[in-house]
Amino acid sequence: MAMSSILNADDIKKALDAFAVADSFDHKKFFEMLGLRAKSADDVKKVFTVLDADNSGYIEEEELKFVLKGFAKDGRDLTDKETKAFLRAADKDGDGKIGVDEFTALVKE
């Protein structure tokens with residue numbers, strides 16, 4: 001499933017462009033720019049499914065590094081600092097990965 005079937009392609013481009021510079025990523029602003037915060041829980045789960053590249057039911061740190069590529073092939077990789085900050089913000093149970101409920105809570109906060 002392509003992100004553009006869930007989210008507006010122009011919103012995806014604007015959000016990726018806004019965080020094109022290394023160490024500029026802010027997940028709250030990113031999700032807001034995508035319009036994801038206003039989407040249904042079902043749509044948020046669909047986005048999670050796309051980002052869960054190995055279909056494990058979790059977004060692990062290695063997948064998180066490439067999260068912007070999940071929105072568009074030309075998205076940049078997150079820096080290690082951005083990846084760790086994103087993981088810390090979402091991983092509420094401390095297991096080192098992001099489950100669908102944690103992802104949904106992060107998007108909606």
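Modeller: In this predicted model, a residue counts as buried under 20% relative accessible area, as exposed over 50%, and as partly exposed in between.

Colleague: Why is Asp-23 called partly exposed?

Modeller: Asp-23 has a relative accessible area of 46%, and because partly exposed covers what falls between the 20% and 50% limits, the label follows for this residue. Asp-23 sits in the loop between α1 and α2, where it has a positive phi of about 65° although it is not a glycine.

Colleague: And what makes Asn-55 exposed?

Modeller: The relative accessible area of Asn-55 is 61%, and since exposed means over 50%, Asn-55 is therefore exposed. Asn-55 belongs to the loop between α3 and β1, and its phi, near 55°, is again a positive value in a residue other than glycine.

Colleague: Why is α3 called oblique to α7?

Modeller: The two helices, α3 and α7, pack at an angle of about 120°, with their axes 10 Å apart. Because roughly perpendicular runs from 65 to 115 degrees and roughly antiparallel begins over 145, an angle of about 120° belongs to neither class, and so α3 is oblique to α7. The crossing of α3 and α7 is right-handed.

Colleague: Which residues of α3 and α7 meet?

Modeller: From α3 come Val-44, Lys-45, Val-47, Phe-48 and Leu-51, which meet Val-100, Phe-103, Thr-104, Val-107 and Lys-108 of α7. Of helix α7, residues 100-108, Glu-102, Phe-103, Thr-104, Leu-106 and Val-107 are buried, and their cover includes α2, α3, β1, α6 and β2.

Colleague: What makes the 31 residues a nonpolar core?

Modeller: The term applies because its members are buried residues of nonpolar types joined through side-chain atoms within 4.5 Å, and the largest such set in this model has 31 residues. Those with the most contacts inside this core are Leu-7, Phe-30, Phe-31, Leu-34, Val-47, Phe-71 and Phe-103, while α1, α2, α3, α5, α6 and α7 each supply at least two of its residues. Leaving aside neighbours within four places in sequence, Phe-30 is in contact with Ala-15, Leu-16, Phe-19, Phe-25, Leu-68 and Phe-71.

Colleague: Which residues does UniProt list for "domain: EF-hand"?

Modeller: The unreviewed UniProt entry lists residues 39-74 and 78-109 under that name. In the model, residues 39-74 are 58% helix and 8% strand, with the end C-alpha atoms 24 Å apart, whereas residues 78-109 are 62% helix and 9% strand, with the end C-alpha atoms 21 Å apart.

Terms used. Residues are numbered from 1 along each chain as its sequence is written. This is a predicted model: local features need pLDDT of at least 70, side-chain atom pairs count only at pLDDT 80 or more; totals for chains, interfaces and linings use all residues. Side-chain values use heavy atoms; hydrogens and water are left out. Buried means under 20% relative accessible area, exposed over 50%, partly exposed in between (1.4 Å probe, protein chains only). Helices (H or I, at least four residues) and strands (E, at least two) are DSSP runs, numbered from the N terminus. Contact means heavy atoms within 4.5 Å. UniProt positions are given in the numbering used here, feature names are shortened, and annotations may be inferred rather than shown by experiment. Axes are lines fitted to C-alpha atoms, for helices over the stretch in contact, and angles run from 0 to 180 degrees between N-to-C directions. Angles under 35 degrees count as roughly parallel, over 145 as roughly antiparallel, 65 to 115 as roughly perpendicular and the rest as oblique. A crossing is left-handed if the near helix is turned anticlockwise from the far one by less than a right angle, and right-handed if clockwise.
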